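Student: I'd like to go through this one slowly. Can we talk about where the labels come from?

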Amino acid sequence: ERNMDTKSSALKEGFLIKRGHVVHNWKARWFVLTPDKLLYFKYEGGKKDSSQRGKILLKDCVITCPFLEYENRPLVLKLHSKPGVDHFLEACSREERDAWAADIRAAVDRLRAAEDGEAKPSSAETWLQDVELSKVLDSMYDVHSGIKTGSHVEQGSTYSNCFSGSAAVDWLVSVQFALTRVEAVTLGSALVEMGLLQPVGLRSVEALRSAGLSQQLQDDFTALYSFADSLKKRGSVKAETSLSAMELSGKVVKRGYLLKQGHRRKNWKVRLFVLRSEPAFLHYFDPSREDCGPAGGFPLRGCLVSSLEDNGVPSGVKGDVQGNLFKIITQSDVRYFIQAPTQQEKMDWIDAIRQQT
């Protein structure tokens, strides 16, 4: 009856992709956050396996979000748990990643406050900074509205894809992330300190080091900076170029992890689904693979999407499923059976897909 117990104390649950400790492969697991630990379960077939699970104790856990060291996986957060173990978890979207980090961090803070007998504001403040910093960085990095990068020559060497400290301050003030240049320097320095921006060029690096300011952003047009190496690669997605670029050019409307039944072997696998509009396409990705290309996808025009009832297993569906099933029939009459983790998510996906058909 332990299951009932976790059910009632669950603060949040959902799929995350976890990196293995021994074999460093990425596997989808069902995570359940409770007040003092994060439990995870395997999904066997289409059902949660209640026996196979691990747990991460949250007491004194340290959260790094965003964790940007996996170049093909920009949506990872890292948990450093007390025995000195690192856990790497990948979410389906920036919003989900930040929500998991916030909820885990709040649980860690509550445990600490209970121990101290009083709440400490410091970690809440650093959390605020983290979330905001990831938003600032994403905006700054945006191809269209972000900071313009270019080549700068310094002492005979040319540095590409960089910008000056003053340009960074100008940009932060212009988009109102900071109200004053002084505030912008503080914000920019936090990005440098977290290793999200890095000083470039001998003069910048040397001058900063000698002044003991290697962790600061200088409001100076001769001080050069670039985005961290882990970020630079986000702009160039290798595998997606082989697909027709048109398919992937639409605006992303919805992203999430769903279970999909295989066409041939009829086995259920967790896939990252990405719904785009104009043109309307639904693509799915295998989260365990390192390349960035979709495993499959189809245009939504003329598709039929229908909810399947949970009493009894519908024809065409194999295996032991949890429920929350729906079916998509494409214009070329290919059938996709999909299972959402919850009733609510099933309804949300059906609505979102219908709007694009």
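Tutor: Sure, here are some questions and answers on this model, which is a predicted one.

Student: Why is C61 called buried?

Tutor: Buried means under 20% relative accessible area. C61 has 4% relative accessibility, so it counts as buried.

Student: And what makes C303 buried?

Tutor: The cut-off is under 20%, and C303 has a relative accessible area of 6%, so the label fits.

Student: How many disulfides are there?

Tutor: Zero. A pair of cysteine sulfur atoms would have to be within 2.5 Å to count as one.

Student: Why are helix 4 and helix 5 called roughly perpendicular?

Tutor: Their axes cross at roughly 110 degrees. Angles of 65 to 115 degrees count as roughly perpendicular, and therefore that is the name for helix 4 and helix 5. The two axes come within 9 Å.

Student: Which residues make that contact?

Tutor: From helix 4 you have S166, V169, D170, L172 and V173, and from helix 5 R181, A184, V185, L187 and G188. They divide into six nonpolar, two polar and two charged.

Student: Which residues of helix 4 are buried?

Tutor: G165, S166, A168, V169, W171 and L172. After helix 4 comes Q176, with a positive phi near 65 degrees.

Student: What about A352 in helix 8: why does A352 count as buried?

Tutor: A352 has 11% relative accessibility, so it counts as buried by the under 20% rule. Leaving out residues up to four places away in sequence, A352 touches K254 and L275.

Key
Residues numbered from 1 in each chain as written. Predicted model: local features only at pLDDT ≥ 70, side-chain atom pairs only at ≥ 80, totals over all residues. Heavy atoms only, no water. Buried < 20%, exposed > 50% of the residue type's maximum accessible area, 1.4 Å probe, protein only. Helix = DSSP H or I, 4+ residues; strand = E, 2+ residues; numbered from the N terminus. Axes fitted to C-alpha atoms, helices over the stretch in contact; angles between N-to-C directions. Parallel < 35°, antiparallel > 145°, perpendicular 65-115°, else oblique. Contact = heavy atoms within 4.5 Å. Nonpolar A, V, L, I, M, F, W, Y, C, P; charged D, E, K, R; others polar.
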